[in-house]
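Open the model in your viewer and keep the selection tool at hand. The stops below say what to select and what is there.

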Amino acid sequence: MASADSRPQLSLSSAPLSGAGSAESEAQIQALVAAVLRQMLAVPAQPSPLADASSAPAPSRSDDAPIRPGRIERVVAEVVEELWRQAPLPTGRPLPGLDRLAEPAMLPAWTKSTPSRIAVGRAGLRYPTSTYLHLRADHGVAKEAVASVASPEFVRSLGAVELRTKAADLQTFLLEPNQGRQLDDASLQRLRSEATRGADVQIILADGLSAWAAEHNSGLLGALQAELTAAGFSFGKPIFVHRARIAVADQIGVELGAKATVIGLGERPGLGTGDSLSLYLAWNPKMGQDNAEKNCISNVRPAGISVGAAAKLAVQILSRAKELGQGGLAVAAPQRTY
Ligand code: B12
């Protein structure tokens, strides 16, 4: 959405009026309206069959000139129609503009490369019906994903220590994120008695904002364990946390004295991405650790980054963090050679 500050500023001074009633003043009114509307619609100035502010004869100013409302309306209607032809949508948002593509041959590759709704065309001012219906369906998927719950079979299949946060129900989890950042008392006891202490990397899986995503990408655990083993990292017994936010990994990492944590959990679903998981990595975990000291691998799902590729990348990041003694920006920053 355009902010108030970025809205086009209207300037009425570019096409002042001269005497009313003449063909010249008619052209000048058209020029004025066109100039104003063009600014409102953010249409670049271009040659038009209608009189244009730049091509209008140099006007002589006459502030007393009467302008009848009916006439203005007719001129506005004509100008709007012309501008409508030039740039159909009266908003600041870019249009698909399929007829104006610089690289039309690339279009099939672009549309195939993303599930995002690009180059879908339009029906009048609206999406085509099929696009609108898909939007509604994808929105439904996103809502279902947020409300999904990890099944007991899935959690059992991980062989994980099963923990819960202080968020007692979904509403609390959604409305009070901090409750999802701390283990409840029973889980804290369980962590202390059942989990592995002092591993290089503690793997945590969780529902986050889509338990469905965690289940859908269940190959992640095995892929991570294989990559960690290959790189010589030890890892503890996996942990699964219900109603978890990312920062619960800090509490777990600190409690267990792990050198690093990797938490894989459902990310906030966009439209059509309810199955998308993120990995958040923390080297040297501490309570309240800033995101700048962590790393994130997002968009892990069949249509995005595969679990195998994500596991490889995660272990590369951890290896680099080990070398540097810190994660986050230090790892992500490109090597400067100047
Ligand atoms: C919500 C969100 C935010 C919110 C977080 C608010 C909140 N308290 O939840 C805000 C707007 C603050 C945000 C900020 C940033 N974000 Co953000 N964010 C997201 C988003 C849309 C969802 C994250 C999510 O679902 N997390 C899961 C839930 C369960 O986590 P949570 O515990 O509730 O909330 C934590 C995370 O959201 C985390 N987080 C959010 N963004 C980032 C980015 C990084 C690098 C890290 C380590 C953590 C992190 O911070 C929250 C508090 O602990 C993702 C895209 C996606 N769909 O995944 C991008 C995403 C994670 N963000 C991203 C980025 C780049 C950033 C910024 C660095 C942008 C910037 N240049 O400032 C900043 C980081 C600010 C900071 N130092 O904390 C990228 C990360 C890319 C990468 N691979 O590293 C993503 C993947 C978007 C993208 N596709 O580019 N973000």
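**Stop one: A314 and its core**

Select A314 in this predicted model. Leaving aside its neighbours within four places in sequence, A314 is in contact with L224, V262, L279, L281 and I297. Now widen the selection to the largest nonpolar core, which has 55 residues. Which residues have the most contacts inside it? They are I204, V262 and A314. Next, colour helix 11, residues 307-324. Helix 11 supplies the largest share of this core, eight residues.

**Stop two: a separate core**

Apart from the largest core lies another, of seven residues. Select I29, L32, V33 and A34, which are among them. V33 has its place in helix 1, residues 23-41. Is V33 buried or exposed? V33 counts as buried because it has 22 C-beta neighbours inside 10 Å, and 20 or more are needed for that label. Then add A77 to the selection and draw a line between the C-alpha atoms of V33 and A77. The two are 44 residues apart in sequence and 9.9 Å apart in space.

**Stop three: around the ligand**

Select the ligand, then the 19 residues that surround it. The closest are R245, E267, R268, N291 and S298. Colour this shell by class: nine residues are nonpolar, six are polar and four are charged.

Now show strand 5 (277-283) and strand 6 (294-300), each of which supplies at least two residues of the shell. Which strand gives the largest share of the shell? Strand 6 does, with five residues.

Technical notes. Residues numbered from 1 in each chain as written. Predicted model: local features only at pLDDT ≥ 70, side-chain atom pairs only at ≥ 80, totals over all residues. Near = placed C-beta within 6 Å. Helix = DSSP H or I, 4+ residues; strand = E, 2+ residues; numbered from the N terminus. Nonpolar A, V, L, I, M, F, W, Y, C, P; charged D, E, K, R; others polar. Core = buried A, V, L, I, M, F, W, Y, C linked by C-beta atoms within 7 Å. Buried ≥ 20, exposed ≤ 12 C-beta atoms within 10 Å, placed from the backbone. Contact = placed C-beta atoms within 7 Å.
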